[in-house]
Amino acid sequence: MAKKFLLILIAFCSCATQKKLNNTTSHNNGLTVGGRLFTSVFQQHAAEYKALCFQAYNIATLRLHQAIDQSTSSRPKAVITDIDETILDNSPYAVHRALLGLDYEPTSWMDWTSQGVADTLSGALRFFKYAASKNVEVFYVSNRSEKERAGTIANLKKFGFPYADDAHLILKTTVSSKEPRRQQLAASYNIILLIGDNLADFSGLFDHKTTTERTQNVRHLADDFGKKFIVLPNANYGDWESALYQYNYRLTSTQKDSIIKSLLRGY
Ligand SMILES: [Mg+2]
C-alpha cells in the first residue's frame, strides 16, 4: 500500500514539474534567461564540469606543494579564493530565476545566499582543508555584500571549510575591484595562489575591461594560469558576459539577446 502511494506521489510530482516547465517555456526561451537553464544543466549534470573542477583543484594542490617547498618568504603563507562558482555552486538560483522567466537581481540573490545551502564544487573542500593542514591560511575574497555575511559563513561552516570566520571573509565594501583587498593581504602574507572563476579574481588588469582587452591581458598573463592563478569554469555568468554588454546593467533580456546575436560568428 505504502509502495503504491509512493509511486502515485512520484508520478504526481513528475507531472507537476513538467507542467511548471511547460508553463514557463514561453518566457524563458531567450538567450540570456533560457540560456541559463542550459548552462545550469551543464553545471549540475555534466560529469565533465566536475572533472574540470577536480582538475583545477588538483593543479592547485600541486602548486601549493611547490610553493611550500620553494618559498623563502618569512611572511605567513596564504591562499586567496573567490566563493561563488569557485567553491560554492549557485546554479539552483539561476534555475529558479530562469523558470520564472527572470534573470539575476540583487534582492532575490540575497534571499538565496541567506539560506546558506549552496553545495560545494568538486575538489574544493578537500583542497582548502589540505592547505589549512599545511598551515596555509585561506582568505575568502568575495563580492558578496556585508548583508550576506551571516549566510555565507553559515554556508562555509556547513561543509567545514577552514578559516570560515569574520577575519578571513573579506566582502565588498565600496569598490567591486578586488585589487585593493588583495594588496592589503599581500602586505602581511605571502600569497601563493589565487583561485577564482572570474578573471577579476586574479588581477586588476581585468577590472571593467572590454572583451578585446580581457583577451589581450589573458595572453599577456598566459604563463600564470595553472601556476599562480587557478581558474574554475563558469558558463553561467561573469565579467565575460558583462563585457559583452559593456557593463550596462540596465539592459533588458531582449536587448542582451540582440547584442549576443550581433556578436556570434557563424559560417
Ligand atoms: Mg565567482
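**Exercise 1. Which residue of β5 does Y140 stand opposite?**

Let's start with a pairing you can find on screen. Keep in mind that you are looking at a predicted model.

*Step 1.* Find strand β5, which covers residues 169-170. β4 and β5 pair in the parallel sense, over 2 bridges.

*Step 2.* Look across from Y140: the residue opposite is L169 in β5.

*Step 3.* Now turn to strand β1, residues 77-81. Parallel to β4, β1 is joined to it by 4 bridges. Here A78 stands opposite E137, and I80 stands opposite F139.

*Step 4.* β1 also runs parallel to β6 (residues 190-196), with 5 bridges between them. In this pairing K77 stands opposite N190.

**Exercise 2. Work out which way the side chains of β4 point, and whether they are buried or exposed.**

*Step 1.* Recall a general rule: in a regular strand, side chains alternate between the two faces of the sheet.

*Step 2.* Apply it to β4. E137, F139 and V141 point one way, while V138 and Y140 point the other way.

*Step 3.* Check the burial. 5 of the 5 residues of β4 are buried, and the strand is mostly covered.

*Step 4.* Compare with β1, where 4 of the 5 residues are buried, so this strand is largely enclosed by the rest of the structure.

**Exercise 3. Explain why the buried residues of α6 can be said to line one face of the helix.**

*Step 1.* List the buried residues of α6 (124-133): they are A124, L125, F127, F128 and A131.

*Step 2.* Look down the helix axis. The buried residues fall within an arc of 165°, so they line one face of α6.

*Step 3.* Turn to the face pointing away from the buried side, and you meet the exposed residues R126 and S133.

*Step 4.* Ask what covers the buried residues of α6. The cover includes α3 (47-70), β1, β4, α7 (149-159) and β6.

*Step 5.* Follow the chain past α6 to N135, whose phi is positive, near 60°.

**Exercise 4. Decide for each of two serines, S122 and S114, whether it is buried or exposed.**

*Step 1.* Place S122 in the loop between β3 (119-120) and α6. Its relative accessibility is 18%, so S122 counts as buried, the cut-off being under 20%.

*Step 2.* Look for its partners farther along the chain. Leaving out residues up to four places away in sequence, S122 touches K50, C53, F54 and Y57.

*Step 3.* Place S114 in helix α5, residues 106-115. Its relative accessibility is 51%, so S114 counts as exposed, the cut-off being over 50%.

*Step 4.* Zoom in on the side chain of S114, where a polar atom lies 2.9 Å from the backbone oxygen of D111. The C-alpha atoms of S114 and T152 are 7.2 Å apart, although 38 residues separate the two along the chain.

**Exercise 5. Which residues coordinate the magnesium ion?**

*Step 1.* Find the donors: D82 (OD), D84 (O) and D197 (OD), at 2.0 to 2.2 Å.

*Step 2.* Write their spacing along the chain as D-x1-D-x112-D.

*Step 3.* Locate two of them. D84 sits in the loop between β1 and β2 (88-89) and D197 in the loop between β6 and α9 (211-220), so the pair ties together parts that are 113 residues apart in sequence. Both D84 and D197 are buried.

**Exercise 6. Over which residues does pLDDT stay under 50?**

*Step 1.* Begin with the whole chain: the mean pLDDT is 92, and 90% of the residues reach 70 or more.

*Step 2.* Find the exception you were asked for: residues 5-26, where the model has 2 contacts beyond four places in sequence.

*Step 3.* Draw the lesson: where pLDDT is low, the predicted coordinates should not be read in detail.

Conventions: Residues are numbered from 1 along each chain as its sequence is written. This is a predicted model: local features need pLDDT of at least 70, side-chain atom pairs count only at pLDDT 80 or more; totals for chains, interfaces and linings use all residues. Side-chain values use heavy atoms; hydrogens and water are left out. Buried means under 20% relative accessible area, exposed over 50%, partly exposed in between (1.4 Å probe, protein chains only). Contact means heavy atoms within 4.5 Å. Two strands pair if DSSP finds at least two bridges between them. The arc is that of the directions from the helix axis to the C-beta atoms. Donors are N, O and S atoms within 2.8 Å of the metal (3.2 Å for Na, K and Ca); water is not among the atoms, so sites may look incomplete. pLDDT is the predictor's confidence in each residue, from 0 to 100. A polar contact is a pair of N or O atoms within 3.5 Å; within protein, one must be able to donate a hydrogen and the other to accept it, and residues adjacent in sequence count only if both atoms are side-chain atoms.
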